[in-house]
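Welcome, and please open the structure in your viewer. We will start with the whole chain and then move on to a sheet and a pocket.

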Amino acid sequence: MKATLKKLLMLVALPIIVYGCAAPPLPDLYWPAPPDEPRIKYLRDYRGSDNLDFKKSSIAADILLGAEASSALKKPNGIYADDKGRIYVTDTAAGDVFIIDPEKKTTTTLSEMGGVRTLYKPIGVTVDHIGRIFVTDSQDDKVAIYDASGKFITNITPDVPFKQPTGIISDNINKKLYVTDTHTHDIRVFDLETLKPIRTIGKRGKEEGHFNFPSNITVDPKGRVFVVDTMNGRVQIFDSEGKFIRAFGQFGDAAGMFARPKGIAVDSEGHVYVVDSAFNNVQIFDDEGQILLPFASYGNERGQMVLPSGAAIDKNDYIYIVDSWNRRVEVFEFLGEKSKARAAASAAPAKK
């Protein structure tokens, strides 16, 4: 045992011995690869409080210190990025929601904030315009609501009981809340102010507007609703009144096709990002459903993933993908107009 531990410590210390104090910086990682113009850049990962100092998390540290002591993610699933830069990650193994604040470099959980654990198997999470946190619990078949301080408020009361609520998103512009129920094969729509049911979208089937085990959901700034129709191998788009607009995707192994679509998000320029947990990648489409670019691959290195699930994009076009098997959230940047504006601002000479 002592010999094994000694070897492990030597492996951890080797980069320091060879390079003086740290391993050399890794090259930037882009998609598509040069010489094509880069559109996606890998930034970093989050695993919990153990790497919020922007140092790379290590398996050796988990072994020596214990993952529990570092508040590490265990089995992350869903994700949401609010307008204040905070990242909310559901963890089905922990039965909790991790709240990561990259600016403050802090991690907490809903149970720590509220002082009591009220969730069993949280799947989806979203935050509304007044800071309320909504979480779907697929084991307890409920949607729980918490205030901004993490205090439990109430559960949503649907007109038809939930059977397995999963995906959830708040439309803070049109004041609506959308919940996918995977086992009733539909989308429940609630008034965000009163929390009363408005309508139900869809039923089980393969036709337009029908679903077969839908999972994740998102909205764009126009109020359009994007639903991952997982077992139909497609994405369906609806307007803010629930009217079907179009669908794209089918089962297959070619670019633009799906094997097990899960997470979905839309950036500021209208590109649609779909996570595929079987392909272990993310595919980007235009809003007409034409494939633009895939990125990521299978593995546990930078820009790789195993059984990815949730996706979110913040106001700065930073992309957050839940890499479930590797117990982390990977962060990428869409190199669009917002990225160019940030680069130009940072390059501009400071005013005297």
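A contact here means heavy atoms within 4.5 Å. With that in mind, look at the whole chain, which is a predicted model. Among its contacts with a separation of 6 or more, 43% are between residues 24 or more positions apart. Switch to a cartoon view and you will find four helices and 27 strands. The chain has 352 residues, and 50% of them count as buried. If you turn on the surface, you are looking at about 17,200 Å² of accessible area, with 55% of that belonging to carbon and sulfur atoms.

Next, select residues 76-81, which form β3. This strand belongs to an open sheet of four strands, ordered β3-β4-β5-β6 and paired antiparallel. Now add residues 106-109, the strand β6: β3 and β6 each have a single partner strand, so one side of each is left without a neighbour in the sheet. From one strand to the next, the twist averages 20°.

Stay with β3 and add β4, residues 87-91; four bridges join this antiparallel pair. To see one residue pairing, pick Ile79, whose bridge partner in β4 is Val89.

For the last stop, go to the second largest pocket, with a volume of about 950 Å³. Its lining has 44 residues, and those closest to the centre are Tyr80, Ala81, Ile169, Asn172 and Ile313. Which elements give two or more residues to this lining? Colour β3, β7, β11, β15, β19 and β25 to see them. Finish on β11, which gives the largest share, five residues.

Notes:
Residues are numbered from 1 along each chain as its sequence is written. This is a predicted model: local features need pLDDT of at least 70, side-chain atom pairs count only at pLDDT 80 or more; totals for chains, interfaces and linings use all residues. Side-chain values use heavy atoms; hydrogens and water are left out. Buried means under 20% relative accessible area, exposed over 50%, partly exposed in between (1.4 Å probe, protein chains only). Accessible areas come from the Shrake-Rupley method with a 1.4 Å probe; for residues, only the protein chains shown count as cover. Two strands pair if DSSP finds at least two bridges between them. Axes are lines fitted to C-alpha atoms, for helices over the stretch in contact, and angles run from 0 to 180 degrees between N-to-C directions. On a 1 Å grid over the protein atoms alone, a cavity is a set of points where a 1.4 Å probe fits but cannot get out, and a pocket is an open set with protein on both sides within 12 Å along at least five of seven lines; lining residues have an atom within 4 Å of a point. Grid points are joined across faces, edges and corners, and a volume is the space filled by probe spheres set on the points.
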